[in-house]
Amino acid sequence: MDKSFEENYKKIEELLEKLEENKENLAESIKIYEEANGLYEELKSQLSDYKAKIEVIGNHE
């Protein structure tokens with residue numbers, strides 16, 4: 001089940017905090033970055049879907 005936009009956004013915030021705190025382990029930083037980047041792509045997709053829905057609603061007026 002896909003997470004909501006808000007859940008994904010909160011998770012990205014958490015990952016970015018971890019990334020900022022992680023100064024010692026490059027491999028872990030890369031892993032965190034990859035996870036955050038995947039969530040970022042999901043958020044972009046969700047926003048695109050919301051935009052399309054809003055445009056449909058706007059065209060019905």
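**View 1. Tyr50 is partly exposed in this predicted model, at a relative accessible area of 38%.** Helix α2 is the element that holds Tyr50. The value of 38% falls between the limits of 20% for buried and 50% for exposed, so the residue is classed as partly exposed. Together with Leu47 and Ile54, Tyr50 makes up a nonpolar patch on the surface. The accessible area of these three residues together is about 310 Å². Tyr50 is also one of the residues that Phe5 touches, when positions up to four places away in sequence are not counted.

**View 2. Two aromatic pairs are found in a search of the whole structure.** One of them joins Phe5 to Tyr9, with ring centres 6.3 Å apart and 20 degrees between the planes. This pair counts as stacked because its planes are under 30 degrees apart. Both residues belong to helix α1, where four residues, about one turn of the helix, separate Phe5 from Tyr9. Phe5 has a relative accessibility of 19% and therefore counts as buried, the limit being 20%. Tyr9, by contrast, is partly exposed, with a relative accessible area of 44%. The pair of Phe5 with Tyr50 is edge-to-face, at 6.3 Å centre to centre and 65 degrees between the planes. Here Phe5 comes from helix α1 and Tyr50 from helix α2, so this pair ties together parts of the chain that are 45 residues apart in sequence. Through these ring pairs Phe5, Tyr9 and Tyr50 are linked into a cluster.

**View 3. The surroundings of Phe5 include residues far along the sequence.** Phe5 is found in helix α1. Not counting residues up to four places away in sequence, Phe5 touches Leu43, Gln46, Leu47 and Tyr50. Of these, Leu43 is listed with Phe5 in the largest nonpolar core, while Leu47 and Tyr50 belong to the nonpolar surface patch. A further distance can be drawn from Phe5 to Gly58: 21 Å in space, C-alpha to C-alpha, for a separation of 53 residues in sequence.

**View 4. The largest nonpolar core consists of seven residues.** Its members are Phe5, Ile12, Leu15, Ile32, Ala36, Leu39 and Leu43. Helices α1 (5-21) and α2 each supply at least two residues of this core. Helix α2 gives the most, with four residues. Which residues does Ile32 contact, leaving aside its neighbours within four places in sequence? They are Leu15, Lys18, Leu19 and Asn22. Among these contacts, Leu15 is itself listed as a member of the core.

**View 5. Gln46 is buried in helix α2 (residues 26-59).** The relative accessibility of Gln46 is 9%, and the residue counts as buried because this value is under 20%. Apart from residues up to four places away in sequence, Gln46 touches Lys3, Ser4, Phe5 and Asn8. The contact between Gln46 and Phe5 also appears in the list for Phe5.

**View 6. One salt bridge is counted, and it joins Lys44 to Glu41.** Side chains of opposite charge can pair when their charged atoms come close. The closest N and O atoms of Lys44 and Glu41 are 3.6 Å apart, and the pair counts as a salt bridge because this distance is within 4 Å. Both residues lie in helix α2, three residues apart, about one turn of the helix. Are the two partners buried, partly exposed or exposed? Lys44 counts as partly exposed at 40% relative accessibility, and Glu41 is partly exposed as well, with a relative accessible area of 39%.

**View 7. Glu55 and Leu19 are 36 residues apart along the chain.** Their C-alpha atoms are separated by 36 Å. Glu55 lies in helix α2. With 44% relative accessibility, Glu55 counts as partly exposed. Leu19, at the other end of this distance, is listed among the contacts of Ile32.

Key: Residues numbered from 1 in each chain as written. Predicted model: local features only at pLDDT ≥ 70, side-chain atom pairs only at ≥ 80, totals over all residues. Heavy atoms only, no water. Buried < 20%, exposed > 50% of the residue type's maximum accessible area, 1.4 Å probe, protein only. Contact = heavy atoms within 4.5 Å. Core = buried A, V, L, I, M, F, W, Y, C linked by side-chain atoms within 4.5 Å. Phe/Tyr/Trp six-rings, centres within 6.5 Å; stacked < 30°, edge-to-face > 60°. Patch = residues over 30% accessible without salt bridge, like charges linked within 9 Å, V, L, I, M, F, W, Y side chains within 5 Å. Areas by Shrake-Rupley, 256 points an atom, 1.4 Å probe, with all protein chains shown as cover. Salt bridge = Lys/Arg side-chain N within 4 Å of Asp/Glu carboxyl O.
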